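Trainee: I am new to this structure and would like to go through it slowly. Could you begin with the terms that I will need?

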Amino acid sequence: MSNLYAVLESGFPVDRKGVAIETPDHCYSWDDVDRASACLANLLASLDLPSGARVAVQVEKSPEALLLYLATLRCGLVYLPLNTAYRESEIEYFLGNAEPDVVVCAPDNEPWVERIARTAGVRHIYTLGDRRTGTLLQAAASQSQTFRTVARKPDDLAVILYTSGTTGRSKGAMLTHGNMASNALTLREYWGWRSSDVLLHMLPIFHIHGLFVASHGALLAGARMIWLPKLDVNQALHYLPRSTVMMGVPTYYVRLLADERFGRGVCRNMRLFISGSAPLLMETFNAFRERSGHTILERYGMSETVMLTSNPYHAGDGERLGGTVGKPLPGVDLRVVDDGGRALPPGEIGHIQVRGPNVFSGYWRMPEKTREEFTSDGWFKTGDVGRYGGVSGGRQVPDGYVSIVGRSKDLIISGGYNVYPKEIEGFIDDMPGVAESAVIGVPHPDFGEAVVAVVVPKPDASLDTQVMLGSLKETIANFKVPKRIHIVAELPRNTMGKVQKNVLRETYKAS
Ligand code: AMP
């Protein structure tokens with residue numbers, strides 16, 4: 001039985017009466033997790049869908065949303081989580097591309113999601129609110145509370161996770177039961193998960209970080225999760241003294257440090273703080289250690305591969321080094337190569353390529369793109385640029401440690417979310433009076449990077465940046481909307497005619 005749910009369930013505690021998920025107003029026992037996911041799985045199974053059918057979900061974070069994910073795994077369908085910030089034009093693309101049979105949306109979005117979903121030919125549409133409301137739970141309530149998790153092979157598709165493309169549209173990374181089970185089992189050992197752990201879960205669950213790395217870890221360990229909708233510093237300070245593990249994007253750590261109540265006292269039961277999804281500044285790493293007495297463990301991964309590298313947890317595995325993302329996890333091969341694909345020695349910067357049981361099987365309905373992103377000998381090209389060893393923060397890094405120095409594409413990561421310049425540039429260029437634009441990321445103390453647009457008007461056109469920003473806010477998710485728009489007469493270009501984004505980043509870094 002290689003169904004990912006069965007693997008996770010193998011870690012559930014023998015006493016199913018204990019608390020699996022705790023929210024500020026409700027506790028769910030392990031029995032509840034089993035029974036509620038069974039009801040939902042029975043509902044999905046009753047729809048008689050073909051194997052491989054997709055269940056697309058865009059809902060606010062709630063325990064029921066996690067149960068729906070588990071139910072989808074249990075009945076062998078494919079889960080497709082969608083960022084809650086996505087608007088109509090984005091959802092239209094995802095539904096058209098993924099052709100799901102089931103769509104579950106937030107009750108407030110039902111009017112427009114239903115219209116788009118019906119047009120895309122979706123047959124089953126449900127709603128799920130964050131306070132146990134919506135048609136999905138009503139329909140599941142009458143279902144049986146027992147369900148035999150269906151057998152799946154390691155290569156069977158479990159999840160499609162959309163990552164945006166730098167050129168063109170988003171790509172759906174196809175992750176199998178085997179990809180995620182192998183990674184969860186590795187991390188259980190590497191991070192020393194145990195049933196007495198209490199995970200403070202404040203991450204969104206439409207992304208690998210919150211849905212896979214965090215939830216899988218706690219479920220497989222049979223550990224309790226304190227389930228909060230998002231980072232709220234007051235709530236975090238309230239629950240930290242009862243927690244042992246926290247996972248966050250770097251912004252979370254910056255926010256905690258900004259509150260003077262945060263310190264050793266609230267961390268007294270903590271054993272592990274983990275950071276990822278974006279680079280953690282040395283400044284934050286050092287300030288956190290000073291204030292809390294804890295050394296943040298930074299790790300690196302991506303939607304296509306789940307976790308790839310991690311700083312050590314067990315003392316025997318080595319030191320936890322700020323400014324690095326640690327060592328390749330057991331079972332993961334990682335190499336740094338030059339433009340010609342030749343492996344580089346430690347200290348030299350190049351393209352990061354990876355291989356292992358955690359690496360995805362390809363992009364949904366994009367065989368061309370899949371071929372491009374894998375080498376002929378089966379390595380996946382991550383698009384990240386980095387090195388083994390070298391000097392970081394003024395000290396020599398041991399050769400086995402990886403540091404990420406940048407991204408080969410111009411991806412911007414703002415608050416842990418990926419923003420692809422090309423997509424925003426497309427929307428800006430379509431505006432009246434715009435000749436062309438370039439979207440870049442500039443350093444931001446809170447979000448890691450902030451989105452900034454540089455725009456060239458058409459001759460004689462006058463642009464109102466406030467109007468432009470207002471229109472973007474209505475069209476795209478908030479995290480993609482530029483913080484500022486600069487109007488310029490022309491964009492800097494190199495001799496090949498390419499816009500020099502590095503020059504723009506330098507010019508506007510303090511803007
Ligand atoms: P996503 O698919 O949204 O998880 O984004 C994956 C990308 O986030 C990676 O390819 C990296 O560029 C970046 N990333 C993830 N973790 C780290 C980290 N610890 N440091 C620097 N970049 C990271």
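Mentor: A polar contact is a pair of N or O atoms within 3.5 Å; within protein, one must be able to donate a hydrogen and the other to accept it, and residues adjacent in sequence count only if both atoms are side-chain atoms. This is a predicted model, in which local features need pLDDT of at least 70 and side-chain atom pairs count only at pLDDT 80 or more, while totals for chains, interfaces and linings use all residues. Residues are numbered from 1 along each chain as its sequence is written, and side-chain values use heavy atoms, with hydrogens and water left out.

Trainee: How far is a nitrogen atom of the ligand from an N or O atom in the side chain of Glu 298?

Mentor: Glu 298 is among the residues that come nearest to the ligand, as are His 207 and Asp 384, where a residue is near if one of its heavy atoms lies within 4 Å. A polar side-chain atom of Asp 384 lies 2.5 Å from a ligand oxygen atom, and for His 207 the distance to an oxygen atom of the ligand is 2.9 Å. For the side chain of Glu 298, the partner is a nitrogen atom of the ligand, and the distance is 2.9 Å.

Trainee: Which strand gives the most to the shell around the ligand?

Mentor: Strands are DSSP runs (E, at least two residues), numbered from the N terminus. There are 16 residues around the ligand, and 5 of them come from the strand that gives the most, which spans residues 297-302 and is strand 13.

Notes: Helices (H or I, at least four residues) and strands (E, at least two) are DSSP runs, numbered from the N terminus.
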